[in-house]
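This report concerns a ligand site and the domains that contribute to it.

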Amino acid sequence: MESNGTIRIAIQKSGRLSEGSLALLHQMGLEFETYQDRLFARCRNMPIDLIFLRDDDIPEYVQDGVADLGVVGSNVLDERRSEVARLLPLDFGYCSLSIAAPEREAYRSVSDLDGKRIATSYPQMLRRYLKQQGVSVKTVLLKGCVEIAPALKVADAICDLVATGSTLRTNRLRVLDTVSQCQAILIGQKRPTSKKKRDIVERLLIRAKGVQEARKFKYIMFNAPIEALEPIKKLVPGCKSPTVIPLAEPGFIAVHSMVLEEMFWEVVEKIRECGGRDILVSPVEKFIR
Ligand code: ATP
Ligand code: ZN
């Protein structure tokens, strides 16, 4: 399929990755409309078309050059071992590929499953993992509803994607081991494409990274006595250094900086210990280094 330099991005049509993929593309500044049952959308402000597919088909579309970029779970990539470039982990669609067995069975670890049957839609990942563990099983390949296989006596255990674990609990299964941690990934082509396309892909990647980076940080502003400046500089070093502005009230400063979300509360407590007050925090929408 010839695309005249227009970039095609493949995302899941409807499923667990759809919302996160659409949100990311909108945050990257792509303007487009989506309608139910549409398989295709054209961006208004960039030479980009979106195609909506089953997640399992996305790696092949990118590998074959039909799509230039795609968003897909790392589980699908690891199972297929598709010839695509993994450009950026996207920090959503988190789940794990786990081995689980009926609660009532006394299995303690995967080695207790030696010689047993495991139902899965991920036979390659399971096989590779069990080989490392020196465990040999019979895999029962199922395309969906893997979790009911033990109750139906089709298998002794399962290997499936788990996020909250509620499906496992409903089916009276418990996790014995984890094969892989998974999340959504932005993928692209390994083989060279035209300069025009490469330039757009490069621009999109900078935008996607900008969105990703922003999510990790908070913007923080507070007032503090000027004597506290040195310890405060260490607490909120920001990118180069914090912005420090004198207040109208002598002896006081306002400090602006960025703080990692995961360190946020710890840093705020220490700022208060240094005399920092009136702490204002806001989300960072984009952060381009
Ligand atoms: P499709 O119709 O597109 O083939 P699907 O049923 O295969 O959809 P979903 O269940 O929507 O796919 O899952 C898509 C991806 O979402 C998975 O491949 C995985 O990377 C991720 N994911 C996150 N949490 C879960 C979960 N609890 N169960 C299954 N997949 C999850
Ligand atoms: Zn699927």
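The following paragraphs describe the ligand site and then the domains.

The model is predicted: local features need pLDDT of at least 70 and side-chain atom pairs count only at pLDDT 80 or more, whereas totals for chains, interfaces and linings use all residues. Residues are numbered from 1 along each chain as written, chains are lettered from A and ligands numbered from 1 in the order written, and side-chain values use heavy atoms, without hydrogens and water.

Ligand 1 has 15 residues around it, of which Q12, R16, R54, D56 and N75 come nearest (a residue is near if one of its heavy atoms lies within 4 Å). By class, this shell holds six nonpolar, five polar and four charged residues, Asp, Glu, Lys and Arg being counted as charged. The table lists polar contacts, which are pairs of N or O atoms within 3.5 Å.

| Side chain | Partner | Distance |
|---|---|---|
| R54 | oxygen atom of ligand 1 | 2.8 Å |
| D55 | oxygen atom of ligand 1 | 2.8 Å |
| D56 | oxygen atom of ligand 1 | 2.8 Å |

On its own, ligand 1 has 630 Å² of accessible area, and the protein covers 77% of this (Shrake-Rupley method, 1.4 Å probe).

An automatic or database assignment divides the chain into domain 1 (7-92 + 183-214), domain 2 (95-182) and domain 3 (217-283). Domain 1 and domain 2 each supply at least three residues to the shell around ligand 1. The centres of these two domains, taken over C-alpha atoms, are 30 Å apart. Seven residues of domain 1 are in contact with ten of domain 2, contact meaning heavy atoms within 4.5 Å.

Conventions:
A polar contact is a pair of N or O atoms within 3.5 Å; within protein, one must be able to donate a hydrogen and the other to accept it, and residues adjacent in sequence count only if both atoms are side-chain atoms.
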